[in-house]
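Work through these exercises with the model open. Each has a task and a stepwise solution.

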Amino acid sequence: MQRRKLAILGSTGSIGRQTLDVVSQHPDLFEVELLTANNSSDLLIEQAIRFNANCVVIRNEEKYREVADALQPHFIKVFTGMDSICDLVAGDNIDIVVTAMVGFSGLESTVAAIKAGKTIALANKETLVAAGEIVMKLASEYGAMILPVDSEHSAIFQCLQGSHGAAIQKIHLTASGGPFREWAREDIAKATKDMALKHPKWHMGNKITIDSATMMNKGLEIIEARWLFGTSPERINVVIHPESIIHSMVEFADGAVIAQLGHPDMREPIQYALGYPSRLPLDNRKLDFASLASLSFYAPDTERFPALATAYEAISKGGNMPCIMNAANEEAVAAYLQDRIGFYGITDVVGECMAGVDFVAKPGLDDIFQSNEEARQRAREIIGKAGKRKTI
């Protein structure tokens with residue numbers, strides 16, 4: 001395999017750090033060209049020096065001088081702002097762009113990389129949630145390959161490798177069920193952020209961990225899968241699988257189901273995307289089937305976890321509705337993490353925004369950015385009023 005040069009957008013986050021761990025195991029195959037971070041200047045400096053990055057971007061302009069002064073002796077170029085990221089990902093010195101930025105903020109830079117014809121290792125599901133149809137059309141137009149990094153979508157992608165183009169009958173997205181899988185609704189309603197952040201299987205950033213607790217994360221994955229694999233929402237099924245060994249399954253017309261298995265470890269799908277189509281050795285825990293006492297599966301409960309039904313509603317309506325849902329959810333999760341609303345307040349805010357923000361049936365990219373801003377503003381208004389009356 002020829003040496004590949006990487007841009008890692010969001011290198012200081014959970015996915016970014018694990019991507020660099022994969023790189024450290026294969027220094028002969030991967031070279032770091034670009035690292036970016038929002039605010040974590042200390043870690044960005046440390047990563048840039050360790051991996052001898054060509055350049056870095058710190059989005060927070062107030063931290064530019066700190067990063068520039070620290071990296072000047074190492075001859076590492078330093079930039080700031082989103083415009084710099086979009087310019088740099090298009091450079092001829094980059095083969096693969098790992099989009100590990102959190103939330104809607106990843107859309108602009110992903111589009112820039114797609115228009116440059118780059119291979120995208122997509123870890124930012126919100127890009128396809130907010131603008132899936134637009135993004136996939138752009139990828140086709142510019143010849144950009146999009147390789148999924150989410151464990152579930154990587155699993156589906158891997159299951160399809162041996163299908164020889166056979167049509168998908170059904171996708172089975174597995175979900176751990178999160179920390180409240182066995183809780184009664186009245187107890188979930190009182191759950192604090194500390195409780196919600198204790199995921200039983202995965203170690204992730206705060207936002208995605210809360211999304212897992214509400215099951216909005218699985219809702220986002222339904223929408224992502226719809227666009228990645230060109231499958232209607234009706235063919236995407238969610239199944240609770242607490243052991244998190246099977247990462248997802250694909251069912252074909254003859255009833256055969258192909259699954260991808262492994263321990264919960266994001267380095268596996270990250271490495272598969274970086275090395276595709278090769279499979280590389282990885283220093284990780286391997287499955288011991290004799291030690292697996294059982295694997296269990298349950299249907300999701302949309303009464304206790306209404307976010308799942310909300311996501312199906314958004315993708316069924318289409319247009320800018322998934323973008324509205326995603327923007328409202330990001331604002332609501334941030335408010336929950338600040339103790340400004342309760343657990344079910346998250347989906348309440350999302351529902352109000354979906355009902356109150358103008359619907360656009362055939363949005364362009366400008367419409368998506370406008371819908372994102374409108375939904376965020378509406379969500380902030382709802383959260384502000386809720387905080388005063390303490391009802392959400």
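**Exercise 1.** Leaving aside neighbours within four places in sequence, which residues is serine 154 in contact with?

*Solution.* The coordinates come from a predicted model. Start with the location: serine 154 lies in helix α7, residues 151-160. Next, check its exposure. Its relative accessibility is 1%. The cut-off for buried is under 20%, so serine 154 counts as buried. Now list the contacts: Pro148, Val149, Pro269 and Tyr272.

**Exercise 2.** Find which residues of helix α3 are buried, and explain how they are arranged around the axis.

*Solution.* Helix α3 spans residues 64-71. Its buried residues include Val67, Ala68 and Leu71. They cover an arc of only 100° around the axis, so they sit on the same side of α3. Recall the helix geometry: with 3.6 residues a turn, residues three or four places apart point the same way. Finally, identify the packing partners. The buried residues of α3 pack against α2 (41-50), β3 (55-58) and β4 (77-80).

**Exercise 3.** Decide whether phenylalanine 289 is buried or exposed, and name the surface patch residues that join it.

*Solution.* Locate phenylalanine 289 in the loop between α12 (267-275) and α13 (307-317). Its relative accessible area is 55%. Exposed means over 50%, so phenylalanine 289 is exposed. Then turn to the patch. Phe289 forms a nonpolar surface patch with Leu261, Leu295 and Phe297. The patch area is about 350 Å².

**Exercise 4.** Describe the secondary structure content of residues 146-229.

*Solution.* An unreviewed UniProt entry lists this range as "domain: 1-deoxy-D-xylulose 5-phosphate reductoisomerase C-terminal". Over residues 146-229, the chain is 49% helix and 13% strand. The end C-alpha atoms are 11 Å apart.

How values were computed
Residues are numbered from 1 along each chain as its sequence is written. This is a predicted model: local features need pLDDT of at least 70, side-chain atom pairs count only at pLDDT 80 or more; totals for chains, interfaces and linings use all residues. Side-chain values use heavy atoms; hydrogens and water are left out. Patches are made of residues with over 30% relative accessible area and no salt bridge: like charges are joined within 9 Å, nonpolar side chains (Val, Leu, Ile, Met, Phe, Trp, Tyr) within 5 Å. Accessible areas come from the Shrake-Rupley method with a 1.4 Å probe; for residues, only the protein chains shown count as cover. A salt bridge is a side-chain nitrogen of Lys or Arg within 4 Å of a carboxyl oxygen of Asp or Glu. Helices (H or I, at least four residues) and strands (E, at least two) are DSSP runs, numbered from the N terminus. Buried means under 20% relative accessible area, exposed over 50%, partly exposed in between (1.4 Å probe, protein chains only). The arc is that of the directions from the helix axis to the C-beta atoms. Contact means heavy atoms within 4.5 Å. UniProt positions are given in the numbering used here, feature names are shortened, and annotations may be inferred rather than shown by experiment.
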